[in-house]
Amino acid sequence: MSLVGAKVLRKEDPRLLSGTGTYVDDLSPAQCAFASFVTSSEAHATIDAIDVRAALAIPGVLAVYTAADFTDYPDLPGGLPTLERPALARNTVRFVGEPVAVVVAEDRYIAADAVAAVNVSYTPLKVMTTIEDATAGDAVPLFPRHGSNVITIVPTMDDLEKELTKCHGRASLHIVNQRCAAVPIEAMAVLADWKPDGLTVWATFQAPHHLRNYLATWLDIPQMNCRVVAPDVGGGFGSKIVWYPELFIAPVISKLLRRPVKFAQTRTEAMMQMAHGRDQVHDIEVGYEKDGTIKALRLIVSQNLGAYGDPTGLGLAVLTTWMAAGAYRIPKVSTSFRTVVTNTTPVAAYRGAGRPEAAYSIERIVDQVARQTGLDPAVVRQRNFIPPSAFPYETHNEAVVYDSADFPAALDECLRIVDYDAVRAEQKARRNDPSKPLLGIGLSCWLEIAGFGPNGSLEGFGHLASWESAQVRIQPDGSAIVYSGSSPHGQGHETMLSQIASDELGISFDRIKVITGDTAAVLQGIGTMGSRGAPTAGSAVKVASSRVLTRAKRIAAHLLEAAEEDLEVVDDAFNVKGSPGKKVSWGDVAWASFQPLRIPPELQAGSLEERLFQESPNFSYPSGAYACVVEIDRETGDVAIRDMVLVDDCGTVINPLLAEGQVHGGVAQGIAQALYEGVSYDSSTGQPVTANLLDYLVPSAADLPDYKVGRTTTLCPNNPLGAKGIGESGSVGAPPAVINAIVDALSEFGVDHIDMPATPEKIWKAMNSGGNS
């Protein structure tokens with residue numbers, strides 16, 4: 001029986017669920033010191049003086065460092081030449097929470113006391129927390145050398161005004177895709193230990209080789225003397241592929257003090273310092289015909305970068321404009337964008353990274369077309385879908401060629417599961433009964449870009465390359481070790497990669513071990529992001545395993561004096577077809593592989609090992625259709641999700657349990673963005689209003705609905721597995737489905753749009769003012 005496609009329980013769970021996992025903050029080597037940042041209390045100010053005398057007088061304080069102590073080191077990597085971010089603020093602070101100094105003490109409690117004892121004097125400057133503020137006529141450049149807070153502008157070649165004017169009708173929306181905090185269960189942590197024979201860094205990070213490469217360069221040491229380990233990592237969502245100061249400062253302090261040094265954020269520190277996500281403003285307009293066919297689309301994107309231009313943050317608007325047309329065949333598409341710095345926490349990748357923003361806008365505007373034409377939203381979608389026969393489909397951007405999909409089939413399955421006609425009939429009846437809650441149903445036929453990626457795709461975000469590495473090594477007893485350059489932070493790599501290797505090799509699942517996250521063990525790697533685990537890392541393991549099996553069959557045939565083509569692998573043994581009992585075990589073949597006298601002359605001892613770097617000719621494009629049914633309390637505006645239907649197409653499913661878990665988690669974050677979450681700042685002072693989980697509303701399991709799931713499958717033609725990836729799908733598809741349902745329920749009040757998060761207060765105001773909120 002094939003393990004690919006089987007519901008196999010996760011190998012990782014006994015360790016992780018029993019509390020025996022190993023996270024960075026669990027590590028406490030001898031003489032480990034604890035470091036903590038003194039952070040800016042001002043959103044924008046010049047630093048006049050830093051007085052550390054009181055802190056240094058506290059018993060147990062080992063040192064206090066400021067930017068003046070790091071003049072021998074460059075700024076953090078990845079920024080644009082005029083947007084350099086120093087490891088510690090130098091002369092100017094640009095957001096509340098920016099590290100200004102670092103205290104090192106014998107333990108975290110002494111460090112916390114010492115942080116409070118450091119006195120920093122500031123002269124406040126003008127604060128700009130929004131794109132509007134930062135681009136206003138009286139705005140002050142955050143980086144005077146750059147001369148403007150607008151960092152990049154990518155204009156359109158044609159604004160399509162003529163095409164839009166020709167259409168029967170036009171629909172437009174101004175959409176705010178609010179700022180979100182990633183809130184992984186484990187905040188940032190790093191432990192550095194610089195010894196005479198080299199540096200070892202343990203970090204909660206999504207791409208350990210990526211960190212090793214840049215850290216060694218920053219420190220001016222050979223990579224062979226710089227080891228990075230990502231142990232168990234408690235979530236990432238894109239926020240852990242960002243260059244945070246502690247990743248670079250900890251090794252320097254360890255070298256200076258000649259002892260291990262650890263940083264570990266509190267939740268409040270994480271809310272202010274870890275990169276945020278989203279924060280885009282869209283102006284979207286389409287031209288359509290009477291039958292709802294969309295003929296032209298114009299999308300203008302403004303991206304808030306926060307205080308510094310993170311490499312992934314700078315690319316978010318690119319990904320959004322690439323995916324502007326979503327699942328629809330729109331003849332004319334115009335996109336443009338600008339990126340703007342503000343006095344807020346830097347923005348970077350957050351689960352979906354630019355694609356949820358695109359899906360949200362196109363799905364909202366399709367509903368607007370349905371509203372203005374009087375057509376059902378499902379009908380408008382069906383009339384505009386790219387048909388299955390059109391794939392591979394070339395989009396408005398030459399970099400984006402959709403691989404495969406069947407959008408009509410996904411929507412049909414979604415409508416069947418949710419019982420769409422019955423919900424519409426119930427909704428009609430309820431409108432005449434004010435004693436019952438309002439009822440709304442929303443659809444989202446989403447598409448995203450994943451499987452990063454083809455050569456050149458990740459290099460644009462600062463990575464070494466876009467392939468992924470795999471190494472498969474057979475041990476003398478016939479067990480196998482799989483090394484992958486893609487390291488997990490909750491995805492289930494140990495299980496997924498073991499399933500793939502077991503299928504290819506014919507070795508039992510329990511006799512395969514997966515090793516990730518250690519630059520001293522794994523030959524090289526790119527990392528885990530952009531839903532690339534199955535399409536890229538999984539494909540690498542499949543191909544490497546297949547090559548090992550080819551050589552193993554050659555040895556088995558030699559031992560059995562049989563033809564290779566007559567062999568099949570069953571129950572951890574090579575069997576001769578049609579000859580019961582004539583077989584040799586995997587263990588015997590593996591043992592022989594290390595004995596030159598027992599293997600074919602063309603093979604060498606230890607030949608049952610394969611290393612490769614798996615490249616992809618194109619991205620993959622997961623898609624799906626989601627439906628959300630909501631009930632809204634007429635008196636309070638409170639929203640209850642009654643049904644959430646999720647139909648996904650991720651190509652080959654390696655493990656349905658893992659796939660459903662990834663979707664459920666992504667949908668939870670999507671619902672959270674739609675209804676609950678939103679980072680906010682005081683507009684005059686730049687102080688974060690949502691700096692902890694008392695003020696930043698994250699839903700619990702009790703706040704989330706049960707999900708009804710379905711699946712359609714179109715294989716990805718661009719990798720050996722046919723897999724498309726699924727890690728970000730839920731966060732792409734859920735927000736528009738939820739908001740479309742809410743707007744549908746409120747339509748009788750004249751509401752045609754409501755910005756996220758759709759809080760009860762916003763909804764109540766919309767119901768009672770007869771308009772949008």
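**Figure 1. Gly374, just past the end of helix H10.** Right after H10, Gly374 takes a positive phi of about 75°. Keep in mind as you look around that this is a predicted model. The helix leading up to this glycine covers residues 355-373, which makes 19 residues. From its first C-alpha to its last, H10 reaches 27 Å, close to the 27 Å you'd expect at 1.5 Å a residue. How many of the 19 residues of H10 are buried? The count is 16, so H10 is mostly covered.

**Figure 2. The whole protein, before we zoom in further.** Let's step back for a moment. There are 19 helices and 28 strands here. Along the principal axes, the C-alpha atoms fill a box of roughly 85 × 70 × 50 Å. What radius of gyration would a compact globule of 773 residues have? It would be near 28 Å, and the protein has 28 Å, so the two agree. Of those 773 residues, 61% count as buried. The chain also brings together parts that sit well apart in sequence: among contacts between residues at least 6 apart, 78% join residues at least 24 apart.

**Figure 3. The outside and its charges.** About 28,500 Å² of the protein is exposed, and carbon and sulfur atoms supply 51% of that area. Now for the charges: the protein has 64 positive and 89 negative ones. How far apart are their mean positions? Just take the average place of each set, and you'll find the two are 2 Å apart.

**Figure 4. Pro377 in helix H11.** Here we look at a proline that belongs to H11, a helix made of residues 377-384. Is Pro377 buried or exposed? Its relative accessible area is 15%, and buried means under 20%, so Pro377 counts as buried. If you skip its neighbours within four places in sequence, you'll see Pro377 in contact with Asp367, Ala370, Tyr420, Arg424 and Leu443. For a sense of distance, try Phe391: it is 14 residues from Pro377 in sequence, and their C-alpha atoms are 24 Å apart in space.

**Figure 5. Two cis peptide bonds.** Start with Phe391, the residue we just used for a distance check. A cis peptide bond joins Phe391 to Pro392, with omega at about -5°. Pro392 sits in the loop between H11 and strand S16 (393-394). Now move along to Phe452 and Gly453, where the peptide bond is cis with omega near -20°. Where is Gly453? Look in the loop between strand S18 (438-447) and strand S19 (468-474).

**Figure 6. Pro331, a proline in a loop.** You'll find Pro331 between helix H9 (311-322) and strand S15 (332-341), in the loop that links them. Is Pro331 buried or exposed? With a relative accessibility of 58%, and exposed meaning over 50%, Pro331 counts as exposed. Leaving out neighbours within four places in sequence, Pro331 is in contact with Ile294 and Lys295. Asn304, on the other hand, is 30 Å from Pro331 in space, C-alpha to C-alpha, with their places 27 residues apart in sequence.

**Figure 7. Arg278 and Asp572, with positive phi.** Neither residue here is a glycine, yet phi of Arg278 is near 60°, and phi of Asp572 is near 60°. Arg278 belongs to strand S13, which takes in residues 276-288. Its relative accessible area is 2%, so Arg278 falls under the 20% limit and counts as buried. Asp572 is in a loop, this one between strand S22 (567-570) and strand S23 (573-576). Is Asp572 buried or exposed? At 19% relative accessibility, Asp572 counts as buried, because the cut-off is under 20%.

**Figure 8. Thr495 and what surrounds it.** Thr495 is part of helix H14 (residues 493-505). Its relative accessible area is 0%, so Thr495 is buried. Which residues are in contact with Thr495, once neighbours within four places in sequence are left aside? From early in the chain come Val8, Leu9, Arg10, Lys11 and Glu12, and the list also has Phe509, Asn655 and Leu658.

**Figure 9. Helix H18, under cover.** H18 runs over residues 729-746 and has 18 residues. The distance from its first C-alpha to its last is 27 Å, close to the expected 26 Å. How many of the residues of H18 are buried? The answer is 18 of 18.

Conventions: Residues numbered from 1 in each chain as written. Predicted model: local features only at pLDDT ≥ 70, side-chain atom pairs only at ≥ 80, totals over all residues. Heavy atoms only, no water. Helix = DSSP H or I, 4+ residues; strand = E, 2+ residues; numbered from the N terminus. Rg over C-alpha atoms; globule rule 2.2 N^0.38 Å. Buried < 20%, exposed > 50% of the residue type's maximum accessible area, 1.4 Å probe, protein only. Contact = heavy atoms within 4.5 Å. Areas by Shrake-Rupley, 256 points an atom, 1.4 Å probe, with all protein chains shown as cover. Lys, Arg positive; Asp, Glu negative; His and termini not counted. Charge placed at Lys NZ, Arg CZ, Asp CG, Glu CD. Expected span 1.5 Å × (residues − 1).
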